[in-house]
Amino acid sequence: STDGYLVTERNTVAQLFDVAVSCARGWEGTAQVAPCAASGEKYSLTGCSYSTLTCAAPKSTDGYLVTERNTVAQLFDVAVSCARGWEGTAQVAPCAASGEKYSLTGCSYSTLTCAAPKSTDGYLV
């Protein structure tokens, strides 16, 4: 099976064997490929395993609107934006080790204030 591997076959003739392999998204490890021992046999793929590295949410998400779609680090898919009353460019970064928290940056409390109009004639303020 090639599940978990990205395979590029350039030449599968044993003497000229040229197959490039890497771990697919969501998989981790050091991908390796070995040519077959006899004609008609399959070459072998080893080294990749499904990633179980999972990130946790930060303790506080104040100032952020967070939508978690996938917290597995290799498939990390968390959308973030600044909450109402906050401003900036929201960014999210996955964790480096399983169980660690992903990080949220870029939003700060808005200090934007509005001034009253010069004239309030005709309005109850």
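This briefing walks through a hairpin, some aromatic pairs and one serine. The structure is a predicted model. Strands 1 and 2 run antiparallel and are joined by six bridges, and a search of the whole structure turns up four aromatic pairs. Two of those pairs are described below, followed by a look at Ser110, which sits in the segment after strand 8.

**The hairpin of strands 1 and 2**

- Strand 1 covers residues 5-11 and strand 2 covers residues 18-23.
- To get from strand 1 to strand 2, the chain passes through a hairpin of six residues.
- If you would like a place to start looking, find Asn11, which stands opposite Asp18 in strand 2.

**The pair of Phe76 and Tyr102**

- Among the four aromatic pairs found in the whole structure is the one formed by Phe76 and Tyr102, which is edge-to-face.
- The distance for Phe76 and Tyr102 is 5.6 Å centre to centre, with 65° between the planes.
- Phe76 belongs to the loop between strand 5 (64-70) and strand 6 (77-82), while Tyr102 belongs to the loop between strand 7 (86-93) and strand 8, so this pair ties together parts that are 26 residues apart in sequence.
- Phe76 counts as buried because its relative accessibility is 15%, below the 20% limit for that label.
- Tyr102 counts as buried too, with a relative accessibility of 2%.

**The pair of Trp86 and Tyr109**

- The planes of the Trp86 and Tyr109 rings meet at 85° and their centres are 5.5 Å apart, so this pair is edge-to-face.
- Here the partners sit in strands: Trp86 is in strand 7 and Tyr109 in strand 8, so the pair ties together parts that are 23 residues apart in sequence.
- Trp86 is partly exposed, at 29% relative accessible area.
- Tyr109 is exposed, because its relative accessible area is 58% and the label applies over 50%.

**Ser110, after strand 8**

- Strand 8 spans 103-109, and Ser110 is found in the segment that follows.
- Is Ser110 buried or exposed? Ser110 counts as buried, because its relative accessibility is 17% and the label applies under 20%.
- The side chain of Ser110 reaches the backbone nitrogen of Leu112, at 3.3 Å.
- Which residues does Ser110 contact once its neighbours within four places in sequence are left aside? They are Gly85, Trp86 and Glu87.
- Trp86 therefore appears twice in this tour: as a ring partner of Tyr109 and as a contact of Ser110.

Technical notes: Residues numbered from 1 in each chain as written. Predicted model: local features only at pLDDT ≥ 70, side-chain atom pairs only at ≥ 80, totals over all residues. Heavy atoms only, no water. Pairing = 2+ DSSP bridges. Helix = DSSP H or I, 4+ residues; strand = E, 2+ residues; numbered from the N terminus. Buried < 20%, exposed > 50% of the residue type's maximum accessible area, 1.4 Å probe, protein only. Polar contact = N/O pair within 3.5 Å; in protein donor to acceptor, adjacent residues only side chain to side chain. Contact = heavy atoms within 4.5 Å. Phe/Tyr/Trp six-rings, centres within 6.5 Å; stacked < 30°, edge-to-face > 60°.
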